[in-house]
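Hi there,

Here is the structure I promised to pass on. Please have it open while you read, and my notes on it follow just below.

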Amino acid sequence: MTDQYAVIGNPIAHSKSPMIHEAFARQTGQDMRYERILASLDGFEATIRELIKQGYKGVNVTVPFKFEAFVLADARTARAMDAGAANTLIFNEQGIVADNTDGAGIVRDIEKNLQLPLAGKRVLLLGAGGAAEGVLHPILACKPSLLTIVNRSMDKALAMVKKAEATKALSVTTLSGCEFNDLPGQEFDVVINATSAGLTDTALPIPNTIFAKGCLAYDMMYGRETPFMQQARTNGAIVADGLGMLIEQAAEAFYVWRGVRPETKPVIEMVSAL
Ligand code: ATR
């Protein structure tokens, strides 16, 4: 019998995940189906229980259900615990297992696809919401020399720092939180935009001087040129959007479910060409 998977969110109509997982399944010869499911805002748990009843093997979870998925689970992987959210659920003999492949996805995209090892680099993380939380620990695990979290409401950046300090030994990384006003005079090798400001085409209050020579400016958003990307490009940075991350987090989820790691390069090329 064909194994069934899905991505659940609200909204969900524009999700590229079915196309990505179908490409992985074709490439690796896996017998599986993957569809989009729209859950009502108060209907996430009921949807999950129904899918389990129908024999689904797992789901990806997207906005706004990543935290609810984490709470609902019977067991959680270490990386889901670090993120405090789940983007991947596995339905097995343990019940609902929550995992999070977002951080692995961005790290693979930066280090493997964009060929920029994060070790020893000065990294600036813009934003302290769910997207930033999801990638903090995997980035720290790459041992940057410096990781600064900047957020409009600085208390959230400081809370993220405090939580990370309590759960991880930061032997090699200087981790700190600040507000946008503190950025003038500072320079970074990698700047990651994890804010949602791009959704409304809003520019961030960042000085042009934060982009060091050869800096990678990475926007976790995909499918649009954000003001952040434009500013970084104008100031000589190498610019990437979040499409590579999207495909790498999907590949990691595929690996978790199927035990086979798909090749992402042809799928990144296919989706980029659309
Ligand atoms: P997500 O799940 O996408 O991370 P979120 O948890 O609501 O969404 O977080 C959104 C992030 O974008 C926050 O860090 C938010 O800053 P605040 O915590 O100060 O609200 C940030 N953000 C959104 N719009 C912004 C803007 N116009 N300028 C600066 N930061 C912005």
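Which residues line the largest cavity? Before you go looking, please keep in mind that this is a predicted model. The lining is made up of Asp82, Glu133, Leu136, His137, Met160, Lys163 and Ala164. The space they enclose has a volume of about 50 Å³. Two helices, α6 (130-140) and α7 (154-167), each contribute at least two residues to this lining. By class, the lining residues of the largest cavity come out as 3 nonpolar, 1 polar and 3 charged.

How many cavities of 30 Å³ or more are there? The count comes to 2, and the second largest holds about 40 Å³ of space. Around the second largest cavity you will find Arg79, Asp82, Ala83, Asn100, Gly103, Gly134, His137 and Pro138. If you compare the two lists, Asp82 and His137 appear in the lining of the largest cavity and again in that of the second largest. Here α4 (78-83) and α6 each give at least two lining residues. Domain 1 (3-100) and domain 2 (103-244) each provide at least three residues of this lining. In terms of class, the second largest cavity has 2 nonpolar, 4 polar and 2 charged residues around it.

Next, a pocket. The second largest pocket has a volume of about 230 Å³. It is lined by 14 residues, and those closest to its centre are Asp109, Asn113, Gly244, Lys265 and Ile268. Two or more lining residues come from each of α5 (102-113), α9 (243-258) and α10 (265-272). Which element gives the most to this lining? That is α10, with 4 residues. The pocket lining divides into 4 nonpolar, 4 polar and 6 charged residues.

Now to the ligand, which you may want to zoom in on. There are 14 residues around it, and Ala131, Asn151, Arg152, Ser153 and Lys156 come nearest. The residues of this shell are 4 nonpolar, 8 polar and 2 charged. Three contacts with ligand oxygen atoms are worth picking out on screen:

- Ser153 has a side-chain N or O atom 2.6 Å from an oxygen atom of the ligand.
- Arg152 places a polar side-chain atom 2.8 Å from a ligand oxygen.
- Ser196 uses its backbone instead, with an N or O atom 3.1 Å from an oxygen atom of the ligand.

How much of the ligand does the protein bury? Taken alone, the ligand exposes 640 Å², and 69% of that is buried by the protein.

Finally, some backbone details in the loops. Where is the cis peptide bond that leads into Pro11? The bond runs from Asn10 to Pro11, with omega near 5°, and Pro11 sits in the loop between β1 (3-9) and α1 (17-28). Another cis bond joins Val63 to Pro64, also with omega near 5°. Pro64 belongs to the loop between β3 (58-61) and α3 (66-72). Gln115 is not a glycine, yet it has a positive phi of about 55°. You will find Gln115 in the loop between α5 and β7 (122-126).

Happy browsing, and do write back with any questions.

Best wishes

Conventions:
Residues numbered from 1 in each chain as written. Predicted model: local features only at pLDDT ≥ 70, side-chain atom pairs only at ≥ 80, totals over all residues. Heavy atoms only, no water. 1 Å grid on protein atoms, 1.4 Å probe; cavity = no way out; pocket = protein on both sides within 12 Å on 5 of 7 lines; lining within 4 Å. Points joined across faces, edges and corners; volume = space filled by probe spheres on them. Nonpolar A, V, L, I, M, F, W, Y, C, P; charged D, E, K, R; others polar. Domains from an automatic or database assignment. Near = heavy atom within 4 Å. Polar contact = N/O pair within 3.5 Å; in protein donor to acceptor, adjacent residues only side chain to side chain. Areas by Shrake-Rupley, 256 points an atom, 1.4 Å probe, with all protein chains shown as cover.
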